[in-house]
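This report describes a single protein model for a reader who has not met it before. Please keep the sequence and the structure in view while reading.

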Amino acid sequence: MANDIDLYINSQYSGFFPLSEIEERFEEYEAEAYELARIIDWDEVILYAIFSYDEESQAILSADLMLLRMPYEVYRELYLKLSKNCRLFFLRNREEFDYEV
């Protein structure tokens, strides 16, 4: 298992980073996504991270951090096209925020 993970910011390669730094940045993007989710429409989402995993070991291979506002249907189409070894993190505008994949 590799110690460092490929990090992308808005799909731009940023380099290899240890998991602890990825987690820190992930928390920052998650917090910003919560703030943005308060102002989006009922049929929109904020996509804030996509993690890619190794199929066998389930180790994180890469993380792409972003803050993308999009209609839920666009998110759904994207989700269906991505590899089963990817996990998307997003929020919807609700009174209580949920993770959905």
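Four salt bridges are present in the structure, which is a predicted model. Three of them are set out in the table below, each with its N to O distance.

| Salt bridge | N to O distance |
|---|---|
| Glu21 and Arg25 | 3.1 Å |
| Glu35 and Arg38 | 3.7 Å |
| Glu44 and Arg69 | 2.9 Å |

The side chains of Glu44 and Arg69 meet in one of these salt bridges. The pair links distant parts of the chain, since Glu44 belongs to strand 3 (residues 44-53) and Arg69 to strand 4, with their positions 25 residues apart. How accessible are the two partners? Glu44 counts as buried because its relative accessibility is 14%, under the 20% limit for that class. Arg69, with a relative accessible area of 46%, is partly exposed.

The salt bridge of Glu21 and Arg25 is placed within one element. Both residues lie in helix 1, four residues apart, which is about one turn of the helix. Glu21 has 27% relative accessibility and counts as partly exposed. Arg25 is likewise partly exposed, its relative accessible area being 25%.

In the salt bridge between Glu35 and Arg38, the closest N and O atoms are 3.7 Å apart. Arg38 is located in the loop between helix 1 and strand 3. With a relative accessibility of 51%, Arg38 counts as exposed, because the exposed class begins over 50%. Arg38 also has a partner position far along the chain: its C-alpha atom is separated by 8.5 Å from that of Arg92, although the two residues are 54 residues apart in sequence.

**Charge and burial on helix 1**

Which residues form a negative surface patch? The patch is made up of Glu23, Glu24, Glu27, Glu28 and Glu32. Among them, Glu28 has its place in helix 1, which covers residues 19-37. Glu28 is partly exposed, at a relative accessible area of 46%. Patch members must have over 30% relative accessible area, so the value for Glu28 meets that requirement.

Tyr29 also lies in helix 1. Is Tyr29 buried or exposed? Its relative accessible area is 16%, and Tyr29 is therefore classed as buried. Apart from neighbours within four places in sequence, Tyr29 is in contact with Ile9, Tyr48, Leu65, Met66 and Leu67. From C-alpha to C-alpha, Tyr29 and Glu73 are 22 Å apart in space, with 44 residues of separation in sequence.

**The loop between strand 1 and strand 2**

Strand 1 covers residues 4-9 and strand 2 covers 12-18, and Asn10 lies in the loop between them. Ser11 is found in that loop as well. What is the sign of phi in Asn10? Phi of Asn10 is positive, near 50°, in a residue other than glycine. Ser11, which is not a glycine either, has a positive phi of about 65°. As to accessibility, Asn10 counts as partly exposed at 47%. Ser11 is exposed, with a relative accessible area of 52%, because this value is over 50%.

**Two further positions**

Ser62 belongs to strand 4, residues 60-71. Its relative accessibility of 17% means that Ser62 counts as buried. Which residues does Ser62 touch, not counting those up to four places away in sequence? They are Ile5, Asp6, Tyr8, Ile50, Phe51 and Ser52.

Asp43 has its place in the loop between helix 1 and strand 3. With a relative accessibility of 33%, Asp43 counts as partly exposed. Not counting residues up to four places away in sequence, Asp43 touches Met70, Pro71 and Tyr72. The C-alpha atoms of Asp43 and Asp4 are separated by 36 Å, and the two residues are 39 residues apart along the chain.

Technical notes:
Residues numbered from 1 in each chain as written. Predicted model: local features only at pLDDT ≥ 70, side-chain atom pairs only at ≥ 80, totals over all residues. Heavy atoms only, no water. Patch = residues over 30% accessible without salt bridge, like charges linked within 9 Å, V, L, I, M, F, W, Y side chains within 5 Å. Areas by Shrake-Rupley, 256 points an atom, 1.4 Å probe, with all protein chains shown as cover. Lys, Arg positive; Asp, Glu negative; His and termini not counted. Charge placed at Lys NZ, Arg CZ, Asp CG, Glu CD. Helix = DSSP H or I, 4+ residues; strand = E, 2+ residues; numbered from the N terminus. Buried < 20%, exposed > 50% of the residue type's maximum accessible area, 1.4 Å probe, protein only. Contact = heavy atoms within 4.5 Å.
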